[in-house]
Amino acid sequence: MTSTAVTTPGLDEARTQRFTERLLGMYTDALVVLMIDLADRTGLLPALAAAPGTSTELAARAGLQERYVRECLGALVTAGLVSFDPGRRQYLLPAEHAVCLTGATSRNLAPMARVGTLLAGHVPGVARAFREGGGVPYEAFRPEFTDMMDAVSRGLVDSQLIDGILPLAGDLVDRLAAGIRVADLGCGTGHAVNVMARAFPRSRFVGYDLAADAIDAAQAEAAEIALINATFEVLDVAALPADPPFDAVCAFDAIHDQADPAGVLARAHAALVPGGTFLMMDVKAASDLEDNLGNPFAPWLYGVSTLHCTTVSLARGGAGLGTVWGERVARQMLADAGFVDLAVHDVPDDPLDSLYVARKGAQP
């Protein structure tokens, strides 16, 4: 039998072919992301970074089953992440790749693969919300979400929070060294709070989060490093207490997925002393779709928004602000909440976020 290509009158077949190839490339890359996640979770990536080896040697080095290791390596090699020597049957993770896939710094992007792994499992639930309304509640994403966010943010917190991010907030570092009272809204596993508490022993820190499992992890870490100036509380930050007030309030990637983000910003403003500092790290993007067309991260951001940030807000009858609320909307909402002297900075080693630094005005 002779097969012939199916053509449709009026179509640019070359353009269709190019789009088909692009789609197939996207589907391929999606599965490569899962392979990165597997290799990261199982310790295969650090084993590769340590030295070249055969699949048997690498499996033994990482304490894994050779057959699984060999198949995963097949994906990583053909995707161009890992090199392969057919003569020696050895696999090698180039140093330039290893720095992006291993280690405890913000340059290690392997934990980001967990975002796709986690959110993929919630496609059916979000599809139901598309038809019926509402959303997938935050609780449905836990405890995996807690672990994922910790893995994604820990390297940046460890390498940049004290020396790179906090110095962007004017005299905040000096005030922290002297001793002030600080709240962290949506603190997750509390690692940022604990890092700040250890660096600034004269200040007192309180971390708030809706997730009990995250707060348990935060308290355990604080106890492990014997911190006496960091405490944590399970709390919806929409009910943030204003008495006693705080000298500084932080929110690291926590505002845009709130059910009532405007209300949370207003509570943060109310909870500050006059002249107090609000430090908000949130997604770096434009507020309007047409202004995000040249942003290479925009598809990822809109995807994360659809599968998590928007749906967890709508599940609670919230605003559904979404991940890509953008700088224009963020500036307006901060102004509406009463903040003044707003400055926006790039975040060191983090192209996905901006740092908003604002102040509560002094009382007349």
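**Close-up views of a predicted model**

**View 1. Y208 and F246 are both buried side chains**. Welcome to this predicted model, where a search of the whole structure turns up four aromatic pairs. One of them joins Y208 and F246 edge-to-face, with 6.5 Å centre to centre and 85 degrees between the planes. Y208 belongs to strand 4 (residues 204-209) and F246 to strand 6 (residues 246-252), so this pair ties together parts that are 38 residues apart in sequence.

**View 2. Y138 meets F145 in an edge-to-face aromatic pair**. Here the ring centres are 5.6 Å apart, and the angle between the planes is 80 degrees. Have a look at the surroundings too: Y138 is buried, and F145 is buried as well.

**View 3. D353 is a buried acid without a salt bridge**. You will find D353 in strand 9, which covers residues 350-360. For D353, the nearest side chain of opposite charge is K284, 10 Å away. The D353 side chain does reach a backbone atom, the nitrogen of V283, at 3.4 Å. Leaving aside residues up to four places away in sequence, D353 touches D253, M281, D282, V283, K284 and V347.

**View 4. Residues 178-292 carry the UniProt feature "domain: Methyltransferase"**. The annotation comes from an unreviewed UniProt entry. Across residues 178-292, helix makes up 30% and strand makes up 30%. If you place a distance marker on the end C-alpha atoms of this span, they lie 42 Å apart.

Note on methods. Residues numbered from 1 in each chain as written. Predicted model: local features only at pLDDT ≥ 70, side-chain atom pairs only at ≥ 80, totals over all residues. Heavy atoms only, no water. UniProt positions renumbered as here; feature names shortened; annotations may be inferred. Helix = DSSP H or I, 4+ residues; strand = E, 2+ residues; numbered from the N terminus. Buried < 20%, exposed > 50% of the residue type's maximum accessible area, 1.4 Å probe, protein only. Lys, Arg positive; Asp, Glu negative; His and termini not counted. Salt bridge = Lys/Arg side-chain N within 4 Å of Asp/Glu carboxyl O. Polar contact = N/O pair within 3.5 Å; in protein donor to acceptor, adjacent residues only side chain to side chain. Contact = heavy atoms within 4.5 Å. Phe/Tyr/Trp six-rings, centres within 6.5 Å; stacked < 30°, edge-to-face > 60°.
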